[in-house]
Amino acid sequence: MSATRTSVITTTQVDADVEEVACDGGGSSGHPLVYLPFGKNDKVVCYYCGRRFQKSPFKIPADKPQG
Ligand SMILES: [Zn+2]
């Protein structure tokens, strides 16, 4: 019986107006910091760790008021 290895893929949602995201693997399974441009897509996958970044259709409100 072969064990099936299930990897947990994390999807991170970001603001819809974000043009690129930075990923460093998130600590334990870390990798060099890379920037992943969305380009014309609304999602991008980190080629290091497979983490998915998805543009949110809604504007994520900031915790702190700007200014
Ligand atoms: Zn990554």
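Here is a short chat about the sheet in this predicted model.

Tutor: Residues are numbered from 1 along each chain as its sequence is written. Local features need pLDDT of at least 70, side-chain atom pairs count only at pLDDT 80 or more, and totals for chains, interfaces and linings use all residues.

Student: What makes residues 52-55 count as strand 5?

Tutor: Strands are DSSP runs of E, at least two residues, numbered from the N terminus. Residues 52-55 are listed as strand 5.

Student: How do you know that strand 4 and strand 5 pair?

Tutor: Two strands pair if DSSP finds at least two bridges between them. Three bridges join strand 4 to strand 5, so they pair, and they run antiparallel. Val45 has Arg52 as its bridge partner there.

Student: And what makes strand 1 a partner of strand 5?

Tutor: Four bridges join those two, so the pairing rule is met, and they run parallel. Thr12 stands opposite Phe53 in strand 5.

Student: Why is the sheet's pairing called mixed?

Tutor: The order in this open sheet of three strands is 1-5-4. Strand 1 and strand 5 run parallel, while strand 4 and strand 5 run antiparallel.

Student: What makes strand 1 and strand 4 edge strands?

Tutor: Strand 1 (11-14) and strand 4 (43-45) each pair on one side only.
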